[in-house]
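Got the viewer open? Here is a tour of pockets, cavities and one strand, with something to select at each stop.

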Amino acid sequence: MSIAAIVNAKAELTHGRRPKAPVVLSTRIRLARNLEAYPFPGWAKESQRREILSTCMEALESVEPLQQGSVFQLEKLNKLEKQILTERHLISRELLDAKDGAGVVISGNQGCSVMINEEDHLRIQMMANGMKFRQLWKGIDAIDTILEAHLDFSFSSEMGYLTACPTNVGTGLRASAMMHLPGMVLANQMEKVVRAVNQLGIAVRGLFGEGSDAGGSIFQISNQQTLGESEKSIIGRLTNVLNSLIEQESNAREKMLESEPLKLCDKIGRAYGILKQSYMLTSSEAMNLLSLLRLAVDLKVSPGRWRSVIDRLFIESQPGHIQYAAKEKIDAGQRDVLRARLLRKEFSSLPPLNFDKVNGSY
């Protein structure tokens, strides 16, 4: 299977049929699992990692959503191909530098992917647009049950599932949501929010996880530990925090509309003009401009159907996707030109913004 099949597919995060949500872009549930008979990937010999890869690949053939998908051994992919998988959140940044014997199996709609020999032997993840934790948990629990019938997982009656990192011991579950929080970013509230949710055992990271920037005011919110708490409890606790953040983001937007409507309209109007007319855009600039245009959709300044277009472009304007579309090796400056061209084309039919719907803007 080639990387072209991944780029050209109607994927869950780029072409999902479900309505896009104003604040929650997507949700994800990931399970960490390890085989009883082998050391963790970081301590395993190359021969053992290859045995693990083969054993897991064989077991994954029994998982129906993956049977018509794509299978990749990471050592056979070049840097650009791996970057595209990362930009689509199908593999982690940690898997980019994985040793021999690493692989990934991806479902046809890219809503499910299973990484092999990352930090743990198996990292099973399911993703969906919007707030879909209940649906995702049902799906990933079914996959876990199928795999457990074929594989002997490392499990302690006292601790739960054993993992390479102590923070994953227990359920091995990490639930997360990608949230678009421009209101709180513009109001300089994010530092306070991060401190508050950290005290609740919730982590706030950038778009591509730990150590990444929150480009486009997009933040990944997830539980930090899994020990001593059931899967449903973890998801429920995280959902409560997310609902609180949605409320805070809505309040921040309303306050800005009341106190600084012209400033907000100016930011959105400038983003609209640059996206339709610019001839060079860095990935960081594009993310921030797309963020403001998504805010315009949420405020009903721009038609609702454009939200899904913007969410797709958050991914397709990333460096790897621009480089791939060029079909030849280009430098950063040339990528900026192609990115601007892509966005001009995408937004050529975007109608004028209707600021009449923003109370007090004139």
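Before the first selection, a word on pairing: two strands count as paired if DSSP finds at least two bridges between them. Keep in mind too that this is a predicted model.

**Stop 1: strand β10**

Select β10 (218-223). Which residue in β10 is the bridge partner of Ala-177? That partner is Ile-221. Now add β8 (173-180) to the selection. Five bridges join β8 to β10, and the two strands run antiparallel.

Next, bring in β9, residues 202-205. Four bridges link β9 to β10, again in an antiparallel arrangement. To find your way along this pairing, look for Ile-202, which stands opposite Asn-223 of β10.

While β10 is still highlighted, check how covered the strand is. Six of its six residues are buried. In a regular strand, side chains alternate between the two faces of the sheet. Colour the two sets separately: Ile-218, Gln-220 and Ser-222 are on one side, with Phe-219, Ile-221 and Asn-223 on the other. Both faces are covered, and every one of these residues is buried.

**Stop 2: the largest pocket**

Stay with β8 and β10 and switch on the pocket surface. The largest pocket holds about 870 Å³ of space. Its lining has 40 residues, and those closest to the centre are Arg-30, Ser-92, Glu-94, Glu-118 and Arg-123. Show these five as sticks. Then colour the elements that give two or more residues to the lining: β1 (24-33), β5 (122-129), β8 and β10.

What does the lining look like by class? It divides into 11 nonpolar, 16 polar and 13 charged residues.

**Stop 3: the second largest pocket**

Move on to Glu-316, His-321, Ile-322, Ala-325 and Leu-342. Of the 17 residues that line the second largest pocket, these are the closest to its centre. The pocket has about 450 Å³ of space. Select α1 (3-8), α11 (306-316), α12 (319-326) and α13 (332-346), since you'll want all four on screen: each supplies at least two lining residues. By class, this lining splits into eight nonpolar, two polar and seven charged residues.

**Stop 4: the second largest cavity**

Now for enclosed space. How many cavities of 30 Å³ or more does the structure hold? There are two. The second largest has about 30 Å³ of space. Select its lining: Pro-182, Gly-183, Leu-186, Arg-253, Met-256, Leu-264 and Leu-295. Helices α6 (182-186) and α8 (231-259) each give two or more of these residues, and α6 provides the largest share, with three. Five of the lining residues are nonpolar, one is polar and one is charged.

**Stop 5: Glu-249**

Keep α8 selected and go to Glu-249, which sits in that helix. Is Glu-249 buried or exposed? It counts as buried, because its relative accessibility is 0% and the cut-off for buried is under 20%.

What does the side chain of Glu-249 have for polar company? One of its polar atoms lies 3.0 Å from the backbone nitrogen of Met-184. To see the surroundings, select Val-23, His-180, Leu-181, Pro-182, Gly-183 and Met-184. Glu-249 is in contact with each of them, leaving aside its neighbours within four places in sequence. Two of the names should ring a bell: Pro-182 and Gly-183 also line the second largest cavity.

Conventions
Residues numbered from 1 in each chain as written. Predicted model: local features only at pLDDT ≥ 70, side-chain atom pairs only at ≥ 80, totals over all residues. Heavy atoms only, no water. 1 Å grid on protein atoms, 1.4 Å probe; cavity = no way out; pocket = protein on both sides within 12 Å on 5 of 7 lines; lining within 4 Å. Points joined across faces, edges and corners; volume = space filled by probe spheres on them. Nonpolar A, V, L, I, M, F, W, Y, C, P; charged D, E, K, R; others polar. Buried < 20%, exposed > 50% of the residue type's maximum accessible area, 1.4 Å probe, protein only. Polar contact = N/O pair within 3.5 Å; in protein donor to acceptor, adjacent residues only side chain to side chain. Contact = heavy atoms within 4.5 Å.
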